[in-house]
Amino acid sequence: MSDISFPADFLWGGAIAANQAEGAYLEGGKGLTTVDVIPHGKHRMAVKLGLVDKVGIAEDEYYPSHQAIDFYHRYKEDIALLAEMGFKVFRTSIAWSRIYPNGDETTPNQEGIRFYQDLFSECKKYGIEPLVTLCHFDVPLHLVNQYGSWRNRKMIGFFERYARTCFTEFNGLVKYWLTFNEINILLHSPFSGAGLLFKEGENKEQVKYQAAHHELVASASVTRIAHEINPANQVGCMLAGGNFYPYSCKPEDVWAALEKDRENLFFIDVQARGAYPAYAARMFADKQIVVQMEAGDREILTNTVDFVSFSYYASRCASADMNEGNTSAANVVKSLKNPWINASEWGWGIDPLGLRIAINTLYDRYQKPLFLVENGLGARDVVGEDGDIADDYRIDYLREHIKAMKQAIGDGAPLLGYTPWGCIDLVAASTGEMAKRYGFIYVDRDDAGGGTLNRLRKKSFYWYQKVIASNGEQL
Ligand code: BG6
């Protein structure tokens with residue numbers, strides 16, 4: 001172990017997303033997005049899954065994204081704190097609807113462009129490299145209502161225009177780009193993943209894979225545009241990662257795990273290898289899916305990504321007969337509970353070795369540089385009387401996962417960097433809570449939208465500062 005070290009230029013940092021942090025949901029000319037109509041509380045799941053006829057803002061619901069942690073107004077203070085920790089990279093996303101409020105305009109919103117120019121310049125001021133996701137779960141709502149979101153091929157053109165604007169306006173400020181956050185989540189949470197709502201009786205799988213095809217073509221197309229605009233641009237795909245383990249060594253369980261892995265890796269197979277995988281034909285036939293493609297799509301798909309990024313929170317488990325009573329749903333991907341590992345309060349398995357397994361699997365399969373762009377423990381924090389927050393459980397989780405990354409580097413996997421999730425507390429994507437915290441920085445805000453929004457350094461803040469300063473030696 002001791003002779004393995006992180007590369008000298010390893011990118012240590014942290015990650016957030018516009019929709020979970022910025023707030024200011026109608027300021028600066030921003031339009032509404034899918035996330036802005038996902039309420040906290042009992043109706044949340046039905047909306048996220050696309051199981052409602054229409055979406056909108058109801059008087060009697062609370063929408064956590066509307067103010068979130070007010071990063072839009074406080075980003076200077078927040079970036080200064082990240083710089084104090086020694087961040088070398090900061091992952092955030094651009095809210096599509098700040099640049100094109102409706103999504104289908106032909107000219108962009110200058111105020112939105114200015115906001116991100118200022119934000120990325122602020123990062124650069126401290127020598128922090130921005131790592132920017134173009135779409136992190138927030139499709140402009142007008143595109144959902146008017147076009148049916150990604151079920152419609154027109155989305156490719158809208159996304160190309162948006163991405164081209166970003167690559168042009170932020171040229172020189174941003175070099176690392178991700179196209180779609182956790183692209184495979186579209187299968188598991190279709191509205192929050194891709195703005196999909198379903199009609200009574202339609203084949204949902206057909207809709208999802210048609211939408212997936214449009215996203216995959218759009219992703220490959222903007223990868224080409226990014227390289228044309230600046231050959232130094234590095235574009236990555238982004239997988240909600242974590243392998244499925246077979247629940248037992250029964251061959252049927254092993255096969256079930258392989259199929260469940262393929263469901264997720266299907267997307268990366270296309271984005272990293274440039275073509276539909278061989279198993280897709282049978283998978284589509286079994287699900288009675290016919291994906292409409294246009295002449296030229298296959299050629300566009302050959303524009304593969306420069307690196308493969310992924311989130312890792314937990315491993316998963318599958319068997320031939322998934323027993324509903326024994327499942328959990330980390331990252332909305334349904335899994336059997338694994339009796340060999342512990343879980344967080346929210347039931348997400350804690351499995352550092354699973355990270356080493358995931359990294360090795362991805363490198364064996366793609367031979368591209370990898371970037372772990374989300375990882376972390378969602379936990380409840382208690383602020384002591386003196387303002388101290390002793391989040392040793394978070395430090396323990398992260399320490400073990402950093403050790404696993406180190407092992408994977410020793411195994412030969414080229415890892416570009418590490419951006420643990422929610423480096424500053426933010427709204428949880430699954431539940432809409434603030435109580436489920438990931439940060440090194442505490443934000444005084446509760447589940448109902450109360451609190452001062454003041455920021456506090458947690459114990460893990462000082463710990464991570466040392467980790468970065470020692471390039472992962474002092475854990
Ligand atoms: C990933 C998402 O699914 O997991 C993030 O990319 C999300 O947006 C993160 O916040 C953690 O999930 P949660 O539900 O705990 O916020």
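**Exercise 1. Place strand 3 in its sheet.** Find the strands that pair with strand 3 and say how they run.

*Solution.* Step 1: start with strand 4 (residues 176–180), which is joined to strand 3 by four bridges and runs parallel to it. Helices (H or I, at least four residues) and strands (E, at least two) are DSSP runs, numbered from the N terminus. Two strands pair if DSSP finds at least two bridges between them. This is a predicted model: local features need pLDDT of at least 70, side-chain atom pairs count only at pLDDT 80 or more, and totals for chains, interfaces and linings use all residues. Residues are numbered from 1 along each chain as its sequence is written.

Step 2: find a register point. C135 stands opposite F180 in strand 4.

Step 3: turn to strand 2 (residues 89–93). Five bridges join strand 2 to strand 3, again in parallel. Here R91 stands opposite L131 of strand 3.

Step 4: check burial. Seven of the seven residues of strand 3 (residues 129–135) are buried, and the strand is mostly covered. A residue is buried if 20 or more other C-beta atoms lie within 10 Å of its own, exposed if 12 or fewer, and partly exposed in between; C-beta atoms are placed from the backbone.

**Exercise 2. Trace the chain around strand 13.** Which strands pair with strand 13, and what is the hand of the crossover to strand 14?

*Solution.* Step 1: strand 7 (residues 307–311) runs parallel to strand 13, with four bridges between them. V308 has L370 as its bridge partner in strand 13.

Step 2: strand 14 (residues 415–418) also pairs with strand 13 in the parallel sense, over two bridges. L370 stands opposite L415 in strand 14.

Step 3: follow the chain. From strand 13 it passes through helix 15 (residues 392–410) to strand 14, and this β-α-β crossover is right-handed. The term applies if, with the strands pointing away from the viewer, the path from the first strand over the helix to the second runs clockwise.

Step 4: ask why strand 13 is largely enclosed. Five of the five residues of strand 13 (residues 370–374) are buried, so the rest of the structure largely encloses it.

**Exercise 3. Describe the setting of E374.** Is E374 buried or exposed, and which residues does E374 contact?

*Solution.* Step 1: E374 lies in strand 13. UniProt lists E374 for "active site" in an unreviewed entry. UniProt positions are given in the numbering used here, feature names are shortened, and annotations may be inferred rather than shown by experiment.

Step 2: count neighbours. E374 has 26 other C-beta atoms within 10 Å, so it is buried.

Step 3: list contacts. Leaving aside neighbours within four places in sequence, E374 is in contact with A15, S311, T419 and W421. Two residues are in contact if their C-beta atoms, placed from the backbone, lie within 7 Å.

**Exercise 4. Test two helices for straightness.** Set the end-to-end distances of helix 11 and helix 14 against their expected spans.

*Solution.* Step 1: the expected span is 1.5 Å times one less than the number of residues.

Step 2: helix 14 (residues 352–366) has 15 residues and should span 21 Å; its end C-alpha atoms are 22 Å apart, which agrees.

Step 3: helix 11 (residues 251–273) has 23 residues. Its end C-alpha atoms are only 28 Å apart, short of the 33 Å of a straight helix.

Step 4: look for a bend. Helix 11 has a kink of about 45°, centred on L265. The bend at a residue is the angle between axes fitted to the seven residues ending there and the seven starting there. L265 is among the buried residues of helix 11.

Step 5: inspect what follows each helix. G274, just after helix 11, has a positive phi of about 90°. Q367, just after helix 14, has a positive phi of about 50°.

Step 6: see what helix 14 packs against. Its buried residues, including L355, I359 and L362, pack against helix 11, strand 7, strand 13, helix 15 and strand 14.

**Exercise 5. Classify A194.** Is A194 buried or exposed?

*Solution.* Step 1: A194 sits in helix 9 (residues 190–194).

Step 2: A194 has 28 other C-beta atoms within 10 Å, so it is buried.

Step 3: beyond its neighbours within four places in sequence, A194 contacts V139, S149, W150, L186, A211 and E215.
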